[in-house]
Amino acid sequence: MNSSSSPYRIIAVCTGNICRSPMVELMLAAALKAAGLDGEVTVDSAGTTGYEAGRPIDPRAARRLAATKLPSDGHIAREWQAGWFLERDLILALDIDHYAWLREYAPDQESMDKVRMLRSFDPKVARKDLLDQGIEDPWYGGQADFDAVWQQIQAALPGIVEHVRSVIGSRDQQPERQQQVRSIS
């Protein structure tokens, strides 16, 4: 885990990094900012494949985000890099395939433990099987599918914000606890 002075780092991961994961990146960044945590957290995204690397966000995802005044024109798709297992504190998988892929390629147990299904933070599905926590790829569908993805992401955001707030709070108290232990010794 990071020191209390470095930001908590979150990455959202889907297949090509043009639909689901950039939607999470932008929606979560906005939610964290609204919660007053934007200076303490960074959010980015990537794809498990390089199929779409270098391309912009899918126009249907951009349209859905724009409806809530979230600009996405700066997004450029990129492929997951192995070093990010060590550099990120929370890795959000968008479906069971991404979850399995990330855990398979994680270099150690600590990295594996960072991988969570995004919807595990949605109280309505958190207790369901991992197979039921996935967000289907809207790329094959129409605008209604992107709207459904937006709703699924939106439902998980409060849980992620609360998780981040809790982690940051406990991390910020660690130096205080260490100081207390030293003064008692």
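Contact here means heavy atoms within 4.5 Å. The model is predicted: local features need pLDDT of at least 70, side-chain atom pairs count only at pLDDT 80 or more, and totals for chains, interfaces and linings use all residues. Residues are numbered from 1 along each chain as its sequence is written, and side-chain values use heavy atoms, with hydrogens and water left out.

**Exercise 1. The sheet**

Task: State the order of the strands in the open sheet and the sense of their pairing.

Solution.
Step 1. Fix the terms. Strands (E, at least two residues) and helices (H or I, at least four) are DSSP runs, numbered from the N terminus. Two strands pair if DSSP finds at least two bridges between them.
Step 2. Take β1 (residues 8–14) with β3: they pair in the parallel sense over 4 bridges. β1 and β2 are also parallel, over 7 bridges. β3 and β4 (residues 115–117) pair in the parallel sense over 3 bridges.
Step 3. Assemble the order. The 4 strands form an open sheet, β2-β1-β3-β4, with parallel pairing.
Step 4. Look at the edges. β2 (41–47) and β4 each have a single partner strand, so one side of each is left without a neighbour in the sheet.
Step 5. Add the twist. From one strand to the next, it averages 25°.

**Exercise 2. The register**

Task: Which residues are the bridge partners of Val13 in β3 and of Ala93 in β4?

Solution.
Step 1. Start from Val13. Its bridge partner in β3 is Ala93.
Step 2. Go on from Ala93. In β4, its bridge partner is Met117.
Step 3. Turn to β2. Arg9 stands opposite Thr42 there, and Ile11 has Asp44 as its bridge partner in β2.

**Exercise 3. Cover on the strands**

Task: How many residues of β2 are buried, and which residues of β3 lie on each side?

Solution.
Step 1. Set the cut-offs. Buried means under 20% relative accessible area, exposed over 50%, and partly exposed in between (1.4 Å probe, protein chains only).
Step 2. Count in β2. There, 6 of the 7 residues are buried, so β2 is largely enclosed by the rest of the structure.
Step 3. Count in β1. It is mostly covered, with 6 of its 7 residues buried.
Step 4. Split β3 (residues 90–93) by face. Leu90 and Leu92 are on one side, Ile91 and Ala93 on the other; all are buried, and both faces are covered.
Step 5. Place two helices. Axes are lines fitted to C-alpha atoms, for helices over the stretch in contact, and angles run from 0 to 180 degrees between N-to-C directions. Helix α1 (residues 20–34) lies across β1, β2 and β3, at about 175° to β2. Helix α4 (residues 96–105) lies across β1, β3 and β4, at about 170° to β4.

**Exercise 4. Two positive phi values**

Task: Is Asn17 buried or exposed, and is Lys69 buried or exposed?

Solution.
Step 1. Note the background. Most residues other than glycine have a negative phi.
Step 2. Read the angles. Phi is near 65° at Asn17 and near 60° at Lys69.
Step 3. Locate both. Asn17 is in the loop between β1 and α1. Lys69 is in the loop between α2 and α3 (84–87).
Step 4. Read the accessibility. Asn17 has 0% and counts as buried, whereas Lys69 has 72% and counts as exposed.

**Exercise 5. Two acidic loop residues**

Task: What does Glu52 touch, and what is Asp58 in contact with, beyond four places in sequence?

Solution.
Step 1. Find Glu52 in the loop between β2 and α2 (59–66). It is buried, at 15% relative accessible area.
Step 2. List its contacts: Gly16, Ile18 and Ala77.
Step 3. Find Asp58, which lies in the loop between β2 and α2. It counts as buried at 6% relative accessibility.
Step 4. List the contacts of Asp58: Ile18, Cys19, Trp139 and Phe146.
Step 5. Check a distance. Asp58 and Ala31 are 27 residues apart in sequence and 21 Å apart in space, C-alpha to C-alpha.
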